[in-house]
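The following exercises concern contacts between chains and the surroundings of a single residue. Please study the sequence and the structure before attempting each solution.

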Amino acid sequence: MTDSPVYEPLLQPLFNFLPDKMTTGVVVAITTLLLGSWVMIQQLFGPWVERKVMARMQGIRGPTYVGWKGILQIPADLLKLIFKEDIMPARADRLGFFISIALISITSIISFAPLPWGTNLMGANFGVGVLYVFAVFSLFPPAMFIGGWSSNSKYALIGGFRSAGQLLAYEIPMFLYGIAIIAVNGTFSLRTITENQMASGVGWNLFSHQLGFLGLITGFIFFIAGVAESERIPFDIPEAEAELVMGPRTEFSGWRYALIMMVEYIHLTVNSLLFIYLFFGGYDAIPWVDLAFEHNWAVQIIVLTAKLYLFVMIAAWLRSALPRMRIDQLLSLGWKQLLPIAIIASIGTLGFVKPSLLGLDAMFKWIISAVTFVLIFLFMFLHFRSTRRRN
Amino acid sequence: MVDYGILLAALGILLVFPQIMRLFDNTLIHVVLYVVFSGILGYLMGTDAILLAPLMLLTTYFAAMAVIETRVMRAAIYLLLAMISLGFSYIFLNSEILAALHISVYGGGIAILVLFAAVLIDENSTIVDERTQINGYIITFALAMIMISLVFKGVPKSNVATAIINLDDGFALVHDYSYFLWTTYAHVIPFLAMLILGSLIGAVRLALTDKEVLQEEMEVAI
Amino acid sequence: MAGETTIVHGGVFINLALVIMLAPIISSFILMFIRYFEIKRNTQIHGVPIYSAILGIGSLLISFAMSVTMTIMYFTGEYGSDPEHLTTVVADAEMIVGTNFKFGLMIDPLSVLMTLLLGVIAFLIHLYTYEYMDHGEPEITRFYAFLNFFTGSMFGFILSGNLFMSFIWWEMLGVSSYFLIGYYWKKDSARRAGTKAFLYNKVGDVAFMVAIFLILILPENTERTLDYHLLAELSIPAKELLLPGILLFGAAIGKSSQFPLFGWLPEAMEGPTPVSALLHSSTMVKAGLYLMIRNFAVIYDIRNFDVTLPVVDPLAAATFILFIGTVTAFMGASMATVSTDFKRILAFSTISQLGYIAMAIGAGGKTAAFYHLISHATFKSLLFLCAGSVIHGSGLTDIRTMGGLHRKMKYTMAATFFGLFGLSGFPFISSGFFSKDAVLLAVEKSSVPFAEVYYIIGVFTAFLTAFYSTRLFIEVFFGKTKDGKDKKFDTRISNPHESGKYILTALISLSVLIVLESLMWAISTYGGISFFLTEEWLADMLGVHGHAFEWSGAFTSFGVVTLGYLLGFYLYQWNPSSRDLLKKPLGWMGTIAENRFGVDILINWISMGIVVKYVSPALATVDEKVIDEYLINTVISQQVGLGSAELADTIDRDYVDGAVNATWRSTRYIGRVFRKLQTGLTGNYAQYMAVGLVLLLALVTVLNEFGLANLY
Amino acid sequence: MIDIIWFILFSTALFVTGLLGVITQTNGIRILISVEFMLNAANINFIAFNSYLGLVDFSGWSMALFVIAIAAAEAAIGLAIFISVYRSFGDITLGSIFSLGEATEVE
């Protein structure tokens, strides 16, 4: 972890009395906290943006009273929820009830560590980079499930089942799509992936010719999987309020509810950030060119925040535009379509960029790209045919 | 070099700690006990390993609870927790990538399968008779003692390098590891993939089979 | 410069070539799959016809663009090719390791030019198809699938680098042409035509196979190679090349419809017009002659080439080729003169022109042959598209019922004019004139015996060509009846109209192409300016020099062609009643030509009268009596079968069963003893294992303590 | 610098815990959980020794990775088997499932 955060030289001498590993750990924790607080501030205003956008789409005004145009609505709600009574249902499993909420919040917050906000603005430059984020995220489904089970409520239990099933179904394709980009760049480091996209003459991975335009398919489906992963409409089956009241969150109230809603937005944020890093250029302001001002840390943090809000708005747009899917449709989309397409697309991308990995000559590379497109086209065609017939 | 007595004492703490925790039913006492015992363990293990001690204690505690606990669902939760803390302990071995993989496979994959199965089956098991249980404790304790003494005698003589290479660039390490996997073990990975695919398909087929069909198959087999 | 080629392995051209040939084939597979699923599920997917058209045409657009790119790159010297020393790019991948059966690609001037030609023409024909075919029915997906497959196979054939690969693509061409000719398979005649084409081609295929085998075992071919670039370097005496050469030409006889086997080509008109256009211009029938040009080294020993023409041994295959070519050219032209169906006239004229190309090959004029091949491909595809446009617009096929169409179909008429302008070889300016002249010149100068006779027949054929071209044009678009009145289109049958924009795009593009071609050739011949496709330049590229343009031959052609035009105009426009006068003295000739010189009857007699009547029954009898009754029933089943069964019975009863009994008895005994340990509880088993482990480790420790074993 | 003996101690403790579970439990899922602990005890040793012997060769890590993969496959198929056993017998106490065994009264 030599070339990591800018703070490190400042912080390192302060903790010299600790053992080696511990110093690093403390420095990582502090820097993660600093950058994490920036993200947490976004959490206070992201939902407001979303609610405003949705309100405009529905022709209403959204939050207006608290603060300027209701900008303090979310902090106010949070304050209220924190001071509410802490209720735990009778015959709830105490261990599970505590563990689930602890796991969910801890995993969400520590997932910020390897996300760079600028060339030298990151919590920790872990050797596993993006894999760390995926690993930490994979703890989310069991935590949701335990929470649903331990609430001792049928809605929560069914919601927990659905939540775990859904998260599991979309985690794997999401990871596979990420794997293609990771393998192409030869690193797990989100910073290196971003820097590669920043170079001049190189577009963002979403529309880069260096991936044989396979980034388009991969990125699009990664985005879908990310939306499903953050359990937003149209994929909010676990908390479908008409069927399951609030899903696994039904029995949580007070500060637990505040925490769990916060975590939901953090999920949206982190999934958007992952998409931005892997496909949308990270903190790169302009694709194809490499200008000097793009390396300024202030510009970088502003660009990344702006992109983040763009995706919050897209999420709000999706939320107000699309109807909810059925659970079987959702699972079949995840397992039967996104996963095989993920496999085809990641093999195709790899084959395009490094044909020698598939044992092919470099002269086949555009053919590989074309064949991948054709295979995906065929696959989707056949699948839609079969689903249409069944329905 | 670690003293043999200290080693045995640490082993004793690891094995006895869960039993002591079971005697109390209060969260505060649990926390105090945990802090005290990890302090003792850390003191025994020396300053270098002071961060490993609480993690070790936590892992063995969760593992023991997963084994001892009567409710299956609780056992599954303890499995999840034990696996998470075990995964973090890999970071002390410079193996961040295996820590990440371990947590994602065990936390995201196996734990959730066990949780699902536990909820679907919903049966709290009966422990076998007293005699078997006591036999089990005796045998495992004997095994632990004999193994640790064997290792204690063996390790100083064998040629284990005394230092982990302090690799500053984790990415280079991960890259080297991936390259090694891709070159030296390239022929294993397809088999592994086929194994996992086969188990997936088999599991899905088993889980989707109707009860009647299953019973018919059983009868045919008999 | 001629013959100085550098051989390069791999490179960007191979990439391009793969894209060119695989784009249509992949799209055809997709279309076939779609159609397969439609049929299997018994449903129709909405909008599939239009999407399949887009896919089919789009894939050809890719090939077209890539072939243009490849040509420009190749001749401008980018990416390793050198315009001064022309490069041959070769790529190999062994199909069966250790043999010479390779997946080979070869890119040299010949294949590059041919690819460009096919790319342009096939793309325009696909575009034309979009309007010509009815897109209301789902069958169109199948049509595009096979059309794409056909074109893709031809691309593959052109670009293939060895005889083996050529043979594979050749067979693919055959099978896809079968499907395309029989596209309207509900019609009996279309089915028959497809079968006929396929069977006639098969004759050639057999010859091809034998030829490949003979080339493989040539004593000079020490490495047993089939690669073109290696074969061209071998120095083989003309005597040994006689049989392989004749057999290779036999393949071309089947595919390119030369003298005895030309019967399938007119029948192939049963397919849709785009198919005919593709078949006649640059794919199917050209494949055979392209093979001959490609394998020039097999017909002639290329090392001993003079700069002008090879000296031909009277015994060489070339003599045979020249003879067959001349006969074909004459017969084709005379049959075209008496035929009345629009498309059949064009078909017979194709046969005649193919004969010309074969003549050039036989006379050693490789350049002239390729020259004529190019110009013929252009104008013949245009003519077929015009025929399709006329049929599409008027609904008629017989030229006697047509007439006066010049008012209704102006653009089609202009296009037909340009096509016939090339076909008849309009003196001094048309591309057909220059190429035909080159062919005749090659024949005149060649050292084959009786070259003068062939030359005279060739010139007469040129006269006939001019005559029937004039006849066709006048009968369709102008024309007078025998009473001397202007022919008018019979509006009661249908209302003729001009075709739509897609058809016209194709027609106009091809007309422009012909005009450009003619201009270039003319300027290069008279002005001495070396253009993209001038004959000298072509000759340089192909490694063989042709002849310089000669005015004496040109004036002969001029005279003959003008005579043909005048006769045509006299008989069909100025004085139609004189046709009756000619009928009496020349009628018998017409009858012979109409019956196709009895060739089909002869083939029919051989196949039906001899093969079906005598040979098949004899073979059937042999199969039934000798193989079935004697060999299988008597010898194998009774002698071998029964004896071995008895032996097996003894072994089974005495030895195998006894061993089995012994096994179960001992197993039961052991089972009784050890059953006590099996409690069925997993925990107990684990306990046993753990106890065993503890004991083992304890033993090891104790042994180690006493120095009896060294554990570490 | 952590002495390697602590990791071995760790692995021993985890292994015997798993073994205790396998011996004393009758429920299939519980046994599976215990087996996971035993597998991971082996994993700790693999990783520890590989890290301490210098990271030139990664065989130990690779082996740990394979163990993880095989454990995943085993858990998936094992739990599926238990679920279908449960649906057929209404019970997954392994000692009480005797359908495939030989009945005792037969000679």
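**Exercise 1.** In this predicted model, determine how many residues chain B and chain D each bring to their contact, and describe the side of chain B.

*Solution.* Step one: chain B provides 84 residues to the contact, and chain D provides 64 residues. Step two: the helices of chain B that each supply at least two residues to this side include α1 (4-22), α5 (96-121) and α6 (130-154). Step three: sorted by class, the side of chain B that touches chain D holds 65 nonpolar, 16 polar and 3 charged residues.

**Exercise 2.** Which classes of residue form the side of chain C that touches chain A?

*Solution.* Step one: this contact draws 10 residues from chain C and 6 residues from chain A. Step two: on the side of chain C there are 8 nonpolar residues, 2 polar residues and no charged ones.

**Exercise 3.** Is A:Ala135 buried or exposed?

*Solution.* Step one: locate A:Ala135 in helix α5 (residues 129-137) of chain A. Step two: a residue is buried if 20 or more other C-beta atoms lie within 10 Å of its own. Step three: A:Ala135 has 25 other C-beta atoms within 10 Å, and it is therefore buried. Step four: with neighbours within four places in sequence left aside, A:Ala135 is in contact with B:Ala100, B:Ile103 and B:Ser104.

**Exercise 4.** State what share of chain C is buried.

*Solution.* Step one: chain C contains 24 helices and 3 strands. Step two: of its 712 residues, 50% are buried.

Note on methods
Residues numbered from 1 in each chain as written. Chains lettered and ligands numbered in written order. Predicted model: local features only at pLDDT ≥ 70, side-chain atom pairs only at ≥ 80, totals over all residues. Contact = placed C-beta atoms within 7 Å. Nonpolar A, V, L, I, M, F, W, Y, C, P; charged D, E, K, R; others polar. Helix = DSSP H or I, 4+ residues; strand = E, 2+ residues; numbered from the N terminus. Buried ≥ 20, exposed ≤ 12 C-beta atoms within 10 Å, placed from the backbone.
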